[in-house]
Amino acid sequence: DLPLVLCTTSKAGEHIVAACGELHLEICLKDLRDDYMKGSELVVSNPVVSFCETVTRAMADGDSCLGKSPNKHNRVVMTAEPLSDELCQALEDGTLGPQTDPKTRTRMLVDEFKWSRNDAANVMSFGCAPDSVANVLVNKTSGVQNMADIRDSLINAFMQYTMAGVLAGEPMRGVRFNILDATVHRDSMHRGYGEIAPMMRKAMYACQIKAGPTLVEPVYLADISTVQSATAGVYSTLYARRGEMVSCEDSVGSPVVRVVAHLPVLESFGFTADLRKQTSGQAFPQLVFSHWQALSGSDVMYP
């Protein structure tokens with residue numbers, strides 16, 4: 001089972017505590033302060049939300065992006081396209097991934113996700129776990145000399161640059177990169193990682209821009225129990241925080257009303273307090289992660 005609390009230390013020396021929501025985070029900090037630090041004060045920043053970057057469309061037929069190594073002796077031609085939500089979910093929950101048997105993986109990609117057999121059999125790598133695992137690198141080249149000699153460099157560069165996209169340096173999610181062609185210098189001194197990585201970065205970032213980059217944000221599924229007289233307060237609180245209604249059900253033989261809605265995680269801080277204020281304490285929410293969705297206004301269109 002995954003831990004409910006994840007503690008890490010950033011490069012700047014800050015201790016980062018990741019928890020399952022605002023209330024859970026407050027309880028963790030209170031326990032840390034009162035039970036383990038004997039009342040010592042903590043300097044705590046405002047909660048932050050992790051975003052991801054993705055692409056919104058496949059590049060047009062015949063359109064591709066070229067990346068050159070700093071010494072100009074190596075070249076790579078690439079395209080990008082979005083992955084389906086179902087495939088992203090399978091990669092993130094471990095149903096499919098680098099640990100999957102290659103034959104099983106190929107069969108799943110063909111049967112369940114409608115990939116061509118040739119593409120499914122030539123998957124070079126998946127993204128770097130855990131944040132950017134839902135990305136795929138596919139080798140669609142044919143007859144390129146010395147391609148096998150730079151395979152590890154291509155994969156390492158792909159995993160490195162999917163951890164920080166071109167828009168805001170956030171991890172990529174749901175992007176498939178295709179290598180269509182490549183030129184590799186025959187001398188190993190001129191095709192090291194220091195030459196291959198910048199080449200891949202230029203090509204990957206150019207592909208991301210051409211394929212319609214956008215930010216995606218995490219979304220909670222809010223399950224709210226309230227009474228009929230307080231539903232107006234629930235609706236106004238949700239709409240003020242970019243919430244979207246999913247359903248509203250009356251309980252037979254009971255005054256309880258169940259409201260289900262989607263609420264962006266970015267808007268969830270202080271949501272419980274505002275909801276109780278608007279409903280005079282007659283609404284009780286439960287928030288669980290639901291899905292990722294495009295952040296409104298974040299898409300960038302390039303010709």
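I took a salt bridge to be a side-chain nitrogen of Lys or Arg within 4 Å of a carboxyl oxygen of Asp or Glu. The model I am reading is predicted, so I kept to its rules: local features need pLDDT of at least 70, side-chain atom pairs count only at pLDDT 80 or more, and totals for chains, interfaces and linings use all residues. Residues are numbered from 1 along each chain as its sequence is written, and side-chain values use heavy atoms, with hydrogens and water left out.

**Entry 1: the chain as a whole**

I looked up the confidence before anything else, and found a mean pLDDT of 90 for the protein chain, with 97% of its residues at 70 or more; pLDDT is the predictor's confidence in each residue, from 0 to 100. I noted 8 helices and 12 strands in the protein chain, where helices (H or I, at least four residues) and strands (E, at least two) are DSSP runs numbered from the N terminus. Among these elements, strand S7 (residues 135-139) has the highest mean pLDDT, 97, and strand S1 (residues 6-9) the lowest, 84. I also recorded that buried residues make up 40% of the 303 residues, with buried meaning under 20% relative accessible area, exposed over 50%, and partly exposed in between (1.4 Å probe, protein chains only). Taken along the principal axes, the C-alpha atoms fill a box of roughly 75 × 50 × 40 Å.

**Entry 2: salt bridges**

I found 11 salt bridges in the structure. One of them joins Arg176 to Glu81, with the closest N and O atoms 3.9 Å apart. Because Arg176 lies in strand S8 (residues 175-183) and Glu81 in strand S5 (residues 75-82), this pair ties together parts that are 95 residues apart in sequence. Arg176 is buried, at a relative accessible area of 6%, whereas Glu81 is partly exposed at 25%.

I then turned to Glu92 and Arg173, whose closest N and O atoms are 2.7 Å apart in another salt bridge. Glu92 belongs to helix H2 (residues 85-92) and Arg173 to the loop between helix H5 (151-161) and S8, so this pair ties together parts 81 residues apart in sequence. Here Arg173 is buried, with a relative accessible area of 11%, and Glu92 is partly exposed at 34%.

I looked up Glu217 and Arg242 next, and their side chains meet in a salt bridge at 2.9 Å, N to O. Glu217 sits in strand S9 (residues 213-227) and Arg242 in the loop between helix H7 (231-240) and strand S10 (244-250), so that the pair links distant parts of the chain, 25 residues apart. Glu217 is buried, with a relative accessible area of 1%, while Arg242 is partly exposed at 34%. I noted as well that salt bridges sharing partners join Glu81, Asp119, Lys140 and Arg176 into one network.

**Entry 3: two packed helices**

I checked how H5 packs against helix H6 (residues 193-210), and found an angle of about 50° with the axes 9 Å apart. Axes are lines fitted to C-alpha atoms, for helices over the stretch in contact, and angles run from 0 to 180 degrees between N-to-C directions. The contact (heavy atoms within 4.5 Å) involves residues including Leu154, Phe158 and Tyr161 of H5 and Ile196, Met200 and Met204 of H6.

**Entry 4: one exposed lysine**

I ended with Lys103, which is found in helix H3 (residues 102-111) and is exposed at 66% relative accessibility.
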